[in-house]
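Visitor: I should like a close look at a single part of this model, with its immediate surroundings and its place in the chain. Please set out the argument step by step.

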Amino acid sequence: MISYGICLLLGLISAVVLTILLYVMVLPESKANTVTGFLKFVRDFFLFKKLYIEAVLRFLYTFSTLFSICFGVFLLVGKKQSFSLFSTSESSTFGLGLFFIVVCPILLRISYELLMLMVILVTNVIAINGKLNGKSGKEVQFADENSLTEKFSSVATDAAKNVMNEVQNMGIDNDKKDENK
């Protein structure tokens, strides 16, 4: 059985290695047309080419609204039992059922619409930014994730080559020392 600390360390090391591989082999702009299939999905997912939050929010809203209504229907005919030290009593949950059928869907809709306003705002800002495309009078420089990825990729590739060269040199030096003995 592997201890918690070892699991944490292995998970951290795996995440670092996979992140470096992703930034070197999938995410650079130079790899945009070469990746296909699953790697294209991974590339689009990590570069935020498509926002999935709208679909997730829509699913959660639909599920929670239908759950509220179904739960409310069952509460209409349900009974709540209260236990005390010497007796038990039952009371109707009809009012609570009406609350879950009528009020909860309205509250869920309002909260969903507030969340969707933020999503719509972001998508509109992205669309406006795409239409402007640097035609404004005052240029604002933002860090471009593609240029950062390219820079990181070249640095990581150079570092990996240096490590491989060092490992090979150590292997050659060890072989020469073994031959001399």
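Guide: A polar contact is taken here as a pair of N or O atoms within 3.5 Å, of which, within protein, one must be able to donate a hydrogen and the other to accept it. The model is a predicted one. In it, the side chain of threonine 93 reaches the backbone oxygen of glycine 78, and the distance is 3.1 Å. Threonine 93 belongs to the loop that joins β2 (88-92) to α4. Its relative accessible area is 8%; the cut-off for a buried residue is under 20%, so threonine 93 is buried. Apart from neighbours within four places in sequence, threonine 93 has contacts with Leu75, Leu76, Gly78, Lys79 and Lys80. Leu75 is itself one of the buried residues of helix α3, and that helix is the part to examine closely.

Helix α3 runs over residues 53-76 and comprises 24 residues. From first C-alpha to last, α3 reaches 34 Å, close to the 34 Å expected at 1.5 Å a residue. Its buried residues are Leu57, Tyr61, Thr65, Ser68, Gly72 and Leu75. What covers them includes α4, which spans 94-132.

How are two packed helices described? The description uses the angle between their axes and the distance between the axes. For α3 and α4, the axes come within 7 Å and cross at roughly 170°. Angles over 145 degrees count as roughly antiparallel, and α3 and α4 are therefore roughly antiparallel to each other. The residues of the contact of α3 with α4 comprise 20 nonpolar, five polar and three charged.

Serine 68, in helix α3, offers a view of this packing at the level of atoms. Its relative accessibility is 4%, so serine 68 counts as buried. A polar atom of its side chain lies 2.5 Å from the backbone oxygen of phenylalanine 100. Beyond its neighbours within four places in sequence, serine 68 is in contact with Phe100, Ile101, Cys104, Pro105 and Leu108.

For contrast in exposure, consider aspartate 44 in helix α2, residues 38-46. With 22% relative accessibility, aspartate 44 counts as partly exposed. Its contacts, leaving aside neighbours within four places in sequence, are Lys49 and Lys50. Between aspartate 44 and alanine 32 the C-alpha to C-alpha distance is 9.5 Å, with a separation of 12 residues in sequence.

The chain as a whole supplies the setting. The protein chain has five helices and two strands, arranged along the sequence as α-α-α-β-β-α-α. Of its 181 residues, 15% count as buried. Among contacts with a separation of 6 or more, 56% join residues 24 or more positions apart.

Conventions: Residues numbered from 1 in each chain as written. Predicted model: local features only at pLDDT ≥ 70, side-chain atom pairs only at ≥ 80, totals over all residues. Heavy atoms only, no water. Helix = DSSP H or I, 4+ residues; strand = E, 2+ residues; numbered from the N terminus. Expected span 1.5 Å × (residues − 1). Buried < 20%, exposed > 50% of the residue type's maximum accessible area, 1.4 Å probe, protein only. Contact = heavy atoms within 4.5 Å. Axes fitted to C-alpha atoms, helices over the stretch in contact; angles between N-to-C directions. Parallel < 35°, antiparallel > 145°, perpendicular 65-115°, else oblique. Nonpolar A, V, L, I, M, F, W, Y, C, P; charged D, E, K, R; others polar.
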